[in-house]
Amino acid sequence: MADTTTHTSTTTTTSTDTAAATGLPVVVIGAGPVGLAAAAHLIERGLAPLVLEAGEQVGAAIRDWGHTRLFSPWRYNLDAAAARLLEAAGWTAPDPEALPTGTELVEQYLQPLAATEALADRIRTGARVVAVSRAGMDKTRTAGRQDTPFLVRIQRPDGTVEDLHACAVIDASGTWTTPNPLGQAGLQAPGEAQARAAGRITAALPDVLGADRARFAGQHVLVVGAGHSAANTLLELGALAQDDPGTRISWAVRSADVSKVYGGEDRDELASRGALGTRLRQLVESGTIEVHPSFTIAAFTPTAGALTVHAATPAADRELMVDVLVPATGFRPDLGILAELRLELDPAVDAPRKLGPLIDPEFHSCGSVAPHGEKMLAHPEPGFYITGMKSYGRAPTFLMATGYEQVRSIAAALAGDQAAADNVELHLPETGVCSTDLGGSCDTPAPATPDADQGCCAPTVAAEPAVACCAAEPEPITILSTAPATRVSACC
């Protein structure tokens, strides 16, 4: 693929392509499952993706929690377009009912996918996106905006900065690098930064039974959080405590009751997800895990040998002294790199505005979401989309299959096939614990016409120039969703 950048002798290089030029790529930020699936769908649509990955290898974030086994089997973890690319290269799909670890997901799926002839030259690793804007204009400029290429600024590990131009941008960078703080009100607690620097607060999903075992064996460990990440860590600590009885486990949650964390148990269509909740409940009931409900962290005091956690509870203020703390309080999107784009975000969860109300955990306890595609993910910035985990903003539940359908729809829209973009379908397994049967807002198919738009990134047709995509704000139609309500995992 031709490089669209003109190199100079300075540390910053800038493309000289204009809005009228053809051949600009669709930049995809992130080479995780959803980012690579986006590239596969774009290629099938005849478009040219350029995948930018901050890490030195594809699936860099997943490698950080590679020891963790997903509770969704392979059949929910493979994208259809990606599988077609792989099968053409002689790849054999894994057992659809097997449960992969993060490492297996990377090694058996993402690495082979990235190595296919169609994708190998379209992925740049060690390319951290630090800003996205429009070439020559900030977010206040309107005239000619949608006909102006995107400017994507990347930074290499050596500090070198490079500017690239794109006809569209799909941000599938995820949220792994921006965990939520542990303090109240969405803020870091006093002393939190110092405790992290001192090594008393770990990263999320540490390898308790493997590489990080020595850090936890025989220690008093506090796990904070009430999601699947917390449950996974607590189960591993329970197994460690069987081998090393000196290991003490505390679990702090802000809610008054932890039973929701147990999920659907035997009612969950994903057997592994249901078993996770059952095993966790048994550890709590046996006393292996000491639960601290209604526990709001107010401050930390790190010392040479321990960490004092100061908390407010309904009964009284408390102090809990531990050796190490594992944060499992979720993640939030990094929106700083998008400051010069015109975004329309839900004020509560930082998801695209139309999607936000459907996934807000305060109102949707089981994370139910109607099938959704390009129209629901669109912003006032034509040609820009946030997908994958990042599209859920601060909402805690997500499944890879959701992201795959998102990028399939977006690729269709960028290629000018709006009917295919609007025809969204998603089938997810029941959790068995959903408490709501509410319908939602979803995209409905537009009637096909002989004069379908070509899309903003489609090749120019001499007889009929391509029409810029997203020329007007999409208007969703509210219908009763027939999709089952589901709860899905934050880590898969």
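Arg134, Arg145 and Glu381 are joined in a network of salt bridges, and that is a handy way into this predicted model. Take the link between Glu381 and Arg134, where the closest N and O atoms sit 2.9 Å apart. Glu381 is in the loop between α10 (374-377) and β16 (384-386), while Arg134 belongs to strand β5 (residues 128-134), so the pair ties together parts that are 247 residues apart in sequence. Are these two partners buried or exposed? Glu381 has a relative accessible area of 1%, which makes it buried, and Arg134 is buried as well, at 3%.

The count of salt bridges comes to 17, so let's look at a couple more. Arg75 pairs with Glu97, with 3.0 Å between the closest N and O atoms. Here Arg75 comes from the loop between α2 (60-64) and α3 (80-88), and Glu97 from the loop between α3 and α4 (102-114), so this bridge ties together parts 22 residues apart in sequence. Arg75 is partly exposed, at 44% relative accessibility, and Glu97 also counts as partly exposed, at 48%. Then there's Arg408 with Glu405, a salt bridge of 3.0 Å from N to O. Both of these residues lie in helix α11 (residues 400-414), three residues apart, or about one turn of the helix. Glu405 counts as buried, with 11% relative accessibility.

On to the strands. Five of them make an open sheet in the order β4-β3-β2-β8-β16, and the pairing is parallel. Its edges are β4 (123-124) and β16, each of which pairs on one side only. Walk in from the β4 edge and you meet β3 (residues 49-52), which runs parallel to β4 and is joined to it by two bridges. One place to spot this is Leu52, whose bridge partner in β4 is Arg124. The next step goes from β3 to β2, again parallel, with four bridges between them. Val26 is the residue that stands opposite Pro49 in β3.

Strand β2 deserves a second look. In a regular strand, side chains alternate between the two faces of the sheet. What covers that pattern here is easy to read off: Val26 and Val28 are on one side of β2, Val27 and Ile29 are on the other, and all are buried, so both faces are covered. Strand β15 (residues 324-327) tells a similar story, with Val324 and Val326 on one side, Leu325 and Pro327 on the other, and all of them buried. Strand β15 pairs with β9 (residues 220-224) in the parallel sense, over four bridges. Within that pairing, Val224 stands opposite Pro327.

Val26 turns up again in the largest nonpolar core, which has 57 residues. Val26 is among the residues with the most contacts inside this core, together with Leu36, Leu42, Tyr109, Leu113, Ile170 and Leu414. Which elements give two or more residues to it? They are β2 (26-29), α1, α3, α4, β8 (168-171), α9 (356-359), α10 and α11. The largest share, seven residues, comes from α1.

Now for some empty space. Rolling a probe the size of a water molecule over the atoms shows where such space is left. The second largest pocket has a volume of about 940 Å³. Its lining is made up of 42 residues, and Ala61, Ser173, Gly174, Thr175 and Trp176 are the ones nearest its centre. Elements giving two or more residues to that lining are α1 (33-44), α2 and β5, with α2 supplying the largest share, four residues. By class, the lining has 25 nonpolar, twelve polar and five charged residues.

Finally, a bit of backbone geometry. Most residues other than glycine have a negative phi. Leu205 has a positive one, near 55°. You'll find Leu205 in the loop between α5 (192-197) and α6 (213-216), where it is buried, with a relative accessible area of 4%. Ser294 also has a positive phi, near 50°. Its place is the loop between β11 (289-292) and β12 (296-302). How does Ser294 count, buried or exposed? Its relative accessible area is 18%, and buried means under 20%, so Ser294 counts as buried.

Note on methods:
Residues are numbered from 1 along each chain as its sequence is written. This is a predicted model: local features need pLDDT of at least 70, side-chain atom pairs count only at pLDDT 80 or more; totals for chains, interfaces and linings use all residues. Side-chain values use heavy atoms; hydrogens and water are left out. A salt bridge is a side-chain nitrogen of Lys or Arg within 4 Å of a carboxyl oxygen of Asp or Glu. Buried means under 20% relative accessible area, exposed over 50%, partly exposed in between (1.4 Å probe, protein chains only). On a 1 Å grid over the protein atoms alone, a cavity is a set of points where a 1.4 Å probe fits but cannot get out, and a pocket is an open set with protein on both sides within 12 Å along at least five of seven lines; lining residues have an atom within 4 Å of a point. Grid points are joined across faces, edges and corners, and a volume is the space filled by probe spheres set on the points. Ala, Val, Leu, Ile, Met, Phe, Trp, Tyr, Cys and Pro count as nonpolar, Asp, Glu, Lys and Arg as charged, and the others, Gly among them, as polar. Two strands pair if DSSP finds at least two bridges between them. A nonpolar core is a set of buried Ala, Val, Leu, Ile, Met, Phe, Trp, Tyr and Cys residues joined through side-chain atoms within 4.5 Å.
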